Amino acid sequence: EAQLLREVAPNLIKNIKRIDSNFDIDLYLRLAYLAKELREARRQGKLPLDFTYRCLKRIVRHLEMFPEDIAYFMDAFTSSYNVAYLNPDAYSYIKTIISAKLGPAFTHSMAEDRDLTLPIPRITKNNEFAIGDIKIKRQDNSWRGPKPKKAVPSQTNIRYKLMLLKKVLLGEHILIYGPTGTAKTTIILDFLINDLGLDLELQQVTFHTDSFDLLAEMIFKEMRVQWELQPVVEAMERGVPGFVDEMDKPKNQGVFSGINNILEYGWVSLPDGIHYRKDGFFFIGAANPPSVVRPEYGGSELSGEVFDRFSVLYFYYLTPQEEQERMRFEFPQIDKVLEKLETPDLLTRITEAIGILRDANEKDGLPSQPPARTLERIIELLVRCPQEADSLIERFFEAYAGLTERDRQKVLEVLLKGKDSQGNDIALDKVFLPQELEFN
């Protein structure tokens with residue numbers, strides 16, 4: 001297996017030595033032994049997924065093209081092995097194995113770096129998007145829809161965009177997992193259209209989507225039956241990215257087995273003939289976390305042969321500080337409103353409270369995490385109707401929907417005993433709750 005990796009990425013060690021002249025590890029062999037250890041852990045039931053040869057192949061190709069990412073090995077690893085299926089214990093166990101087989105320096109990720117920036121691209125005379133010597137062919141036609149919303153330039157979002165950029169430059173298909181409200185769609189559209197200037201085909205799938213809904217639809221036109229191509233096949237034929245949202249929603253996940261030929265071989269056979277992929281096409285999918293990990297989402301599981309063809313990225317909620325940055329980005333007048341209400345720190349308290357509830361979802365058995373849209377609705381309400389501040393807890397529960405009375409009681413208990421990220425009391429009983437509400 002180490003020899004196969006040498007053939008896949010022959011310049012891996014040479015490129016890493018340009019960054020670190022003291023690098024003297026036979027990384028091919030170490031990775032092969034790491035794979036053996038992870039497969040054994042899978043056989044023993046300690047890990048939920050197999051560590052396939054494709055995982056290894058993605059890691060070495062990534063590090064060969066971006067040798068500086070040897071300092072962020074965990075990002076290359078987790079985008080190759082589907083981290084969305086890992087609970088905290090399994091993730092910690094994997095880091096222990098990586099530390100033992102490769103060394104502690106290989107357990108770092110970009111999340112630990114607080115000074116990330118996106119590289120500055122250039123557009124070549126051949127209409128290519130270029131970073132260094134790496135180029136992406138852009139289409140003559142630009143995006144035909146409305147200009148997408150900009151994602152707040154927080155460090156977390158910059159990290160997501162950096163990983164997206166690297167996977168696009170590697171020519172990978174990309175699958176993005178993340179809880180609802182983590183701006184998956186916003187970041188993808190902002191990155192592809194606003195940042196890269198690419199056109200794309202967008203398709204939303206639902207519980208009832210079947211195989212033909214994804215590939216082609218039979219219509220009656222000009223007095224005869226015809227096949228109308230769906231956005232994924234249109235993207236393939238036009239040579240533009242194809243983006244499918246809510247990939248976990250279809251009841252029958254066999255619908256995505258139909259795109260295996262597109263992802264692996266670049267063609268698909270339909271009743272009207274064979275359709276081939278053109279240069280510039282790649283596939284991006286977005287989905288909620290697997291229901292085996294997060295049952296509240298209740299989606300269907302993607303089959304192994306489908307998600308094994310993707311580089312996988314996991315998007316999570318922003319930190320409370322980044323949520324404050326996002327709210328000021330989307331509602332620039334919020335600070336003036338809070339000053340008039342004589343509660344200038346309310347935004348800080350609310351974002352800290354949302355963070356506490358997300359942690360409590362794992363520790364204290366809350367039924368679900370408050371989505372990011374809960375925060376947006378509360379801040380939007382304060383901006384538009386400042387007089388509603390006295391009944392903010394009622395508006396909060398309207399946004400944090402789907403709770404029983406018992407669940408609400410749990411939420412109140414968490415809020416009232418909550419502490420901020422520095423361990424200070426956030427005193428939401430004096431700010432978040434109306435004065436006349438007596439909490440028992």
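1. Confidence first, since this is a predicted model. Helix α1 (residues 2-8) comes out highest in the chain, with a mean pLDDT of 95, while helix α19 (residues 428-431) is lowest, with a mean of 50. Take residues 433-440 with care too: the pLDDT there is below 50, and the stretch has 12 contacts in the model beyond near neighbours in sequence. For the chain as a whole, the average pLDDT is 82, and 87% of the residues score at least 70.

2. On to the aromatics. How many aromatic pairs does a search of the whole structure find? There are 9. One of them is Phe73 with Phe106, an edge-to-face pair with 5.4 Å centre to centre and 75° between the planes. Phe73 sits in helix α5 (residues 73-78) and Phe106 in the loop between α6 (88-101) and β1 (122-123), so this pair ties together parts 33 residues apart in sequence.

3. Are those two rings' residues buried or exposed? Phe73 counts as buried because its relative accessibility is 0%. Phe106, with a relative accessible area of 6%, is buried as well.

4. Tyr160 and Phe315 are worth a look too. Their ring centres are 4.0 Å apart and their planes are at 10°, so the pair counts as stacked. Tyr160 belongs to helix α7 (residues 155-169), and Phe315 to the loop between β12 (311-314) and α13, so here the pair ties together parts that are 155 residues apart in sequence. Both Tyr160 and Phe315 are buried.

5. Back to Phe73 and Phe106 for a moment. Ring pairs link both of them into a cluster with Phe51, Phe77 and Tyr81, so when you inspect the Phe73–Phe106 pair, which bridges helix α5 and the loop between α6 and β1, bring up the other members of the cluster too.

6. Helix α7 is not the end of the ring story: which residue lies over the face of Phe66? That is Lys166, at 5.6 Å from the ring centre.

7. Last, a polar residue with a buried side to its story. Gln324 is in helix α13 (residues 320-330). With a relative accessible area of 10%, Gln324 falls under the 20% cut-off and is therefore buried. What does the Gln324 side chain make a polar contact with? Its partner is the side chain of Thr348, at 3.5 Å. Leaving aside residues up to four places away in sequence, Gln324 touches Leu347, Thr348 and Thr351, so Thr348 appears both among the residues touched and as the polar partner.

Technical notes: Residues numbered from 1 in each chain as written. Predicted model: local features only at pLDDT ≥ 70, side-chain atom pairs only at ≥ 80, totals over all residues. Heavy atoms only, no water. Helix = DSSP H or I, 4+ residues; strand = E, 2+ residues; numbered from the N terminus. Buried < 20%, exposed > 50% of the residue type's maximum accessible area, 1.4 Å probe, protein only. Polar contact = N/O pair within 3.5 Å; in protein donor to acceptor, adjacent residues only side chain to side chain. Contact = heavy atoms within 4.5 Å. Phe/Tyr/Trp six-rings, centres within 6.5 Å; stacked < 30°, edge-to-face > 60°. Lys NZ or Arg CZ within 6 Å of the ring centre and 35° of its normal. pLDDT = per-residue confidence, 0-100.
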